[in-house]
Amino acid sequence: MNVPHIPGAPHFAYRGTHLYIEDVRLSDLARVHGTPLYVYSKASMQSALAAYQRGFAGRNVQICYAMKASSSLGVLQVFAQAGCGFDIVSGGELQRVLAVGAAADKVIFSGVGKTRAEMRDALEAGIGCFNVESEGELEVLSEVALALGMRAPVSIRVNPNVDPKTHPYISTGLKGNKFGVAHERTLQTYQRAANLPGLRVVGIDCHIGSQITEEEPYLDAMDRVLDLVDAIEAAGVPIQHIDFGGGLGIDYNEDTPPEADALWSRLLMRLDARGYGDRHLMIEPGRSLVGNAGVCLTEVLYLKPGEHKNFCIVDAAMNDLPRPAMYQAFHQIVPLERRGGETISFDVVGPVCESGDWIGRDRALHVHAGDLLAVMSAGAYCMSMASNYNTRGRAAEVLVDGNQAHLIRRRETAADQMRGESLVN
Ligand code: LLP
């Protein structure tokens, strides 16, 4: 029997013929809760976080989980309980972190398009820092803060113009991207911020992209940001913290990104060499904390052999797991119960009425209708990007801790979806 590659080991592994998450058999969860079903390993999240903590041992660092990767309350709770801060990008995300009792002063607010209402709510909640992305935003934030009799803590997101060598849709630190303030305009922008009465400059930040699997783009970005800190401080604006963003990749298809601790040991050596070793640091990892901790379980509905292609039609679709349709992303697909026998090449597709609705292409599988499959590495940017397209309810979610399984989100019903809509009388 050929053994498929299982990203997320050791928290996901076959015991005999059955795939387990920690000490729970995944097929048992699928039977109890139905499919499509997201299942997460708490131990996997904790061990991903521990790798960062090891890398930063003895340093003054705030890890702010970029919750856009997975924003369900039960997942946020794991990171809040571990003392993490959060990187948010909307008023909705702010409500979520407050709902899990996270410390507001450890929250940073990123994103190019914050509204006045979002700024007000975040100021009133007492968040730690606004990561500002344009001069226009600086002016508005200053006005909003003054109207509340406050001064908003700000960091300016700089665009270091380095190539993260990742998919173009998730590369954010190049000149042509909408993100951050251009390298050349950074000093002027800091001077402007320092003179606005409603602002208090506290930091600098960058984020160059996502699913980065090499060390070099990080080292380049760090050098460019530190050059800017040199220049900004020389111009008389002190920078208290430096935030290096997120972006570290995970294993989807035998990818081998650096381990968080190894990466940060290297980066900290560079930071020390440049004389910034004592500075308060922040990072905003998302995918690398949760991506390999989750799977999406799905049932095979029909096999549809064809002249050119064989289709394996499953009950999870692009609305549940949009990454393949959006980025041609690869997710490993494995059976919950392994069987011997000949494999056939299938395109694994969902029920949504779009040709773009596929989960995996050209996959060698030995499957029958009724079998259960796991879409691996589905802990990040899958459930959090799910939609209701085709009026499909969003999947349920389960968090596993050892041999315990907790339902952290029930399956969405059609009534849930129609709540808030009304007929015209
Ligand atoms: N900080 C900022 C400002 C960001 O924009 C992001 C992600 C992060 C931190 C976290 O990056 P991470 O550590 O997760 O790479 N939906 C895409 C990924 C979009 C990433 C957006 N920004 C995907 O499914 O691949």
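**A quick tour: a small sheet, a ligand site and a buried glutamate**

Let's start with a pair of strands: strand 1 (residues 12-15) and strand 2 run antiparallel and are joined by four bridges. Keep in mind that this is a predicted model. From there we'll look at the rest of that sheet, then at a parallel pair of strands, a buried glutamate and the ligand with its surroundings.

**The three-stranded sheet**

- Strands 1, 2 and 3 make up an open sheet in the order 1-2-3, and the pairing is antiparallel. Strand 1 and strand 3 are the edge strands, each pairing on one side only.
- Within the pairing of strands 1 and 2, alanine 13 has tyrosine 20 as its bridge partner, while arginine 15 stands opposite histidine 18.
- Strands 1 and 2 form a hairpin, with two residues between them. Glycine 16 sits in that turn and has a positive phi of about 65 degrees.
- On to the next pair: strand 2 and strand 3 (residues 24-25) also run antiparallel, joined by two bridges. Here isoleucine 21 has valine 24 as its bridge partner in strand 3.
- This second pair is a hairpin too, again with two residues between the strands, and glutamate 22 takes a positive phi near 45 degrees.
- Side chains in a regular strand alternate between the two faces of the sheet. Strand 2 (residues 18-21) has both of its faces covered. His18 and Tyr20 are buried on one side, and Leu19 and Ile21 are buried on the other.

**Strands 7 and 8**

- Strand 7 (residues 107-109) pairs with strand 8 in the parallel sense, over two bridges. Isoleucine 108 has cysteine 129 in strand 8 as its bridge partner.
- Strand 8 (residues 129-132) is covered on both faces. Cys129 and Asn131 are buried on one side, with Phe130 and Val132 buried on the other.

**A buried glutamate**

- Just follow the chain on from strand 8: glutamate 133 lies in the loop between that strand and helix 6 (135-147).
- Glutamate 133 counts as buried because its relative accessible area is 3%, and the cut-off for buried is under 20%.
- What does the side chain of glutamate 133 contact? One polar contact is with the side chain of arginine 157, at 3.0 Å. The glutamate 133 side chain also reaches the backbone nitrogen of glycine 180, at 2.8 Å.

**The ligand and its shell**

- There are 17 residues around the ligand, and the ones that come nearest are Ser210, Glu284, Arg287, Arg323 and Tyr381.
- By type, the shell around the ligand divides into six nonpolar, five polar and six charged residues.
- Which domains supply the shell? Domain 1 (12-41 + 291-418) and domain 2 (110-285) each give at least three residues.
- Now for some atom-level detail. An N or O atom in the side chain of serine 210 is 2.3 Å from an oxygen atom of the ligand.
- Arginine 287 comes in through its backbone: a polar backbone atom there is 2.7 Å from a ligand oxygen atom.
- Tyrosine 327 has a polar side-chain atom 2.7 Å from a nitrogen atom of the ligand. Taken alone, the ligand exposes 580 Å², and the protein buries 91% of that.

Notes: Residues are numbered from 1 along each chain as its sequence is written. This is a predicted model: local features need pLDDT of at least 70, side-chain atom pairs count only at pLDDT 80 or more; totals for chains, interfaces and linings use all residues. Side-chain values use heavy atoms; hydrogens and water are left out. A residue is near a molecule or strand if one of its heavy atoms lies within 4 Å of it. A polar contact is a pair of N or O atoms within 3.5 Å; within protein, one must be able to donate a hydrogen and the other to accept it, and residues adjacent in sequence count only if both atoms are side-chain atoms. Accessible areas come from the Shrake-Rupley method with a 1.4 Å probe; for residues, only the protein chains shown count as cover. Ala, Val, Leu, Ile, Met, Phe, Trp, Tyr, Cys and Pro count as nonpolar, Asp, Glu, Lys and Arg as charged, and the others, Gly among them, as polar. Domain bounds come from an automatic or database domain assignment. Buried means under 20% relative accessible area, exposed over 50%, partly exposed in between (1.4 Å probe, protein chains only). Two strands pair if DSSP finds at least two bridges between them.
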